[in-house]
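Hi,

Here is the model I said I'd pass on. Have a look at it first, and then read my notes underneath.

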Amino acid sequence: MKAIEFNHVGKQYRLGVVSTGTFSHDLNRWWTMNVLGKEDPYLKIGDTNVRSTKGESDFVWALKDINFSVEQGDVVGIIGKNGAGKSTLLKLLSRVTSPTVGEINVCGRIASLLEVGTGFHPEMTGRENIYMNGAIMGMTKAEITRKLDEIIDFSGCERYIDTPVKRYSSGMKVRLGFAVAAHMEPEILVVDEVLAVGDAEFQKKAIGKMQDVSKGEGRTVLFVSHNMAAVRSLCHKGVVLRDGMTDFIGTVDDAVNHYLESSAAQAEEQKLMTEYIQKCKSFLKISEIQINNTPYNFTSLTQGQDVLDVLIKGTTTEPMRCQVKIVIRKKDNTALASFAEGRYKAQLVTIEPGEFTIERHVALPRYMADGDYTLDLVLNDTGVQCYMIAWGCQNLHVEGFYDQYAHSLRLEKEGFIGLESAY
Amino acid sequence: MSECAEFNKIFVPLSPKNGFLVSSRNYMQQQVWTMKIRPHERLWHIDLGEIWRYRDLIELFVRRNIVVQYKQTILGPLWYLIQPILTVIMNMVVFGNIAKMSTDGMPQALFYMAGNICWFYFSDCLNQSSSTFTTNQNMFGKVYFPRLVVPIAVVISNLLRFAIQAGLFVALYLYFFVNGAPIAPNWAILLTPVFIVILAGLGLGLGILISSLTTKYRDFSILFTFIVHLWMYATPIVYPISMVEEGTLRTLIMANPMTSIIEAFKYATLGQGYFSWLALGYSFLFMSVLLLFSVVIFNKVQRNFMDTV
């Protein structure tokens, strides 16, 4: 049984300031549609929603031809870059604005958490705001009264509940707002980026509650987030939006991988790694470098990957005795780890004149932290000669490794790898 | 092997051959939609039942409007009284003593007070509901609920203010009555609820019409602010209609739907004024048509106003 169905849904926006030309557009539209009896003249034009390039017309399709359906009980993650149309999609669904074309069919009551704490009035107390917020989302007063204790308890703001909300910290407002929303028991819950605020403990609580909602109570959840780890742990289906169109629909793992790959391919300052070679012996020519199967300067590692492949191709006119050295650094250039088997294992290889290919397979730590790293690639022997240096040639985005149902470490807070117990 | 056969029996895909004789329960259920979101709804599609379902929200909005208005003020609800008192004193000085305009022989304070409290109620409803979309865009941008709830709550919460001011009027009235002023209430006082309904309807209708227009063109909010200001002088508040001689001017003032209500209210409470069923009927009709028209426009605008506001 389907809970939501999108049928050729599109949403068109007009760019620029609403004033000049609006009235003439309105008149023209009214004239063609009502007097001449033709179609809306502005529906045909309009570019797809590519933010960075300059379009030809004033009209833009924030969403174009969206077609998919969600089964009852599904937890669907909607992912995409900024401006891909995620929020517009949720806005259509929560009826904040209506589609330009197409139709959305829904079965059940929708509650949207587009931003928690909607309708909070700073002058009113926490308790009054719980009622306000709940009623805005469609609960009746009796329903709220019945769940009031539970809501206050979940929010953890009991001490402040009779204080005006303007004295609350931003985190407390979010807690209170989420607590109300989490207790309203809709058939369909629409969530947008609530987890961005709030501390770790609350995030855990919120994710737990959402899992309960979807698993235990069999409700449908649509979840938009940039936090891939949260999307992965919560959802089992994924929809990737790109420039207002659906790019991929499938299981959450496939969707996240697809998104990470395509966003890596689209990285704005895309350069070949060979352009990063700062120093190279005159007898040596490097034709190709691949790290993690890409010749470009951006790649990402996803959950479950345990090997980083490195490939160097080139020609030399003199024999070399060297090692491949890789230094993993934080963005601020602190060195975190190195792969240099010539150094600590005395394993150097000899390369004869002519064409050569060097391959290395670096075993990755089992629990690598979520974060952005840069890699240096060096060909040297251990001290005398340095054949090739390419500092910062690869930007590595690691999504963070963890066991199922757990969470990854974060590079900034907990360092680079997770240690394991000895026995 | 047998396990495999068992598995196949349960998960046979739906095909024309086996029709609906599938053991999986999902295939048997009929797809039902409880809501369809479409680009356009019929113009007359106004879901009053939905507003009724949100009646708790109306109540909460009413409370919020009242409570929040005078938070962190020293005088609090006393402001409800200070405003009409100062206005009436001003009217007495300017129109009563300097311009020496007639009050039909009634005490000046009562005469001005009667007109002003009615006008205040109307203009408060109008002003507050005319900014429905612009002041609530943060909330409207995130959650759906029937938008009409907000202006309806405005009209109801202003009723309290009207009641307090009416209380002041009654107190003043008793004072003059005991002191033997030539005033006498009559049966028409029973029509007061009707007057209030018409006032509320006019304020609400015009207010939501303005708020719908201002989402796209802000010109309307500027235009209407001073139109309402001028409108007050086209309404017999500081002068009685009897002062206006027969002619085009009187016809124009009678065409103002506010005229008959304020005159009738003065007639009902003070015993002097212009009362006519025809004029009241006209105001009522005017209000009904305006309200219907405005609700239709409002309903149309609310679907997409977030894109233009």
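Below is what I found, going from chain A to chain B and then to where they meet. Keep in mind throughout that this is a predicted model.

Chain A first. It has ten helices and 20 strands. Of its 423 residues, 39% come out as buried. If you take the chain A contacts with a separation of 6 or more, 70% of them are between residues 24 or more positions apart.

One residue I looked at there is A:L260, which sits in helix α8 of chain A, residues 252-265. Is A:L260 buried or exposed? Somewhere in between: it has 19 C-beta neighbours inside 10 Å, and 20 would be needed for buried, so A:L260 is classed as partly exposed. Apart from its neighbours within four places in sequence, A:L260 makes contact with A:S300 and A:T302. A:V190 is another matter: 70 residues away along the chain, with 23 Å between its C-alpha atom and that of A:L260.

On to chain B. An unreviewed UniProt entry annotates residues 75-301 of chain B as "domain: ABC transmembrane type-2". In the model that span is 73% helix and 0% strand, and its end C-alpha atoms are 39 Å apart.

Helix α10 of chain B (residues 192-214) made a handy geometry check. At 1.5 Å a residue, its 23 residues should span 33 Å, and the end C-alpha atoms are indeed 33 Å apart, so expectation and model agree. α10(B) is also mostly covered, with 18 of its 23 residues buried.

Now the part where the chains meet. On the chain B side, 31 residues are in contact with 36 residues of chain A. Four elements of chain B each put at least two residues into that side: β1 (35-37), α4 (55-69), α8 (137-140) and α15 (305-308). Which of them gives the most? That would be α4(B), with six residues. By type, the chain B residues touching chain A split into 15 nonpolar, seven polar and nine charged.

There is strand pairing across the two chains as well. Strand β5 of chain A (residues 101-106) is joined to β1(B) by three bridges, and the two run antiparallel. If you want a place to start looking, take A:V106, whose bridge partner in β1(B) is B:M35.

That's the lot from me. Shout if anything looks off when you open it up.

Cheers

Methods:
Residues are numbered from 1 along each chain as its sequence is written. Chains are lettered from A and ligands numbered from 1 in the order in which they are written. This is a predicted model: local features need pLDDT of at least 70, side-chain atom pairs count only at pLDDT 80 or more; totals for chains, interfaces and linings use all residues. A residue is buried if 20 or more other C-beta atoms lie within 10 Å of its own, exposed if 12 or fewer, and partly exposed in between; C-beta atoms are placed from the backbone. Two residues are in contact if their C-beta atoms, placed from the backbone, lie within 7 Å. UniProt positions are given in the numbering used here, feature names are shortened, and annotations may be inferred rather than shown by experiment. The expected span of a helix is 1.5 Å times one less than its number of residues. Ala, Val, Leu, Ile, Met, Phe, Trp, Tyr, Cys and Pro count as nonpolar, Asp, Glu, Lys and Arg as charged, and the others, Gly among them, as polar. Two strands pair if DSSP finds at least two bridges between them.
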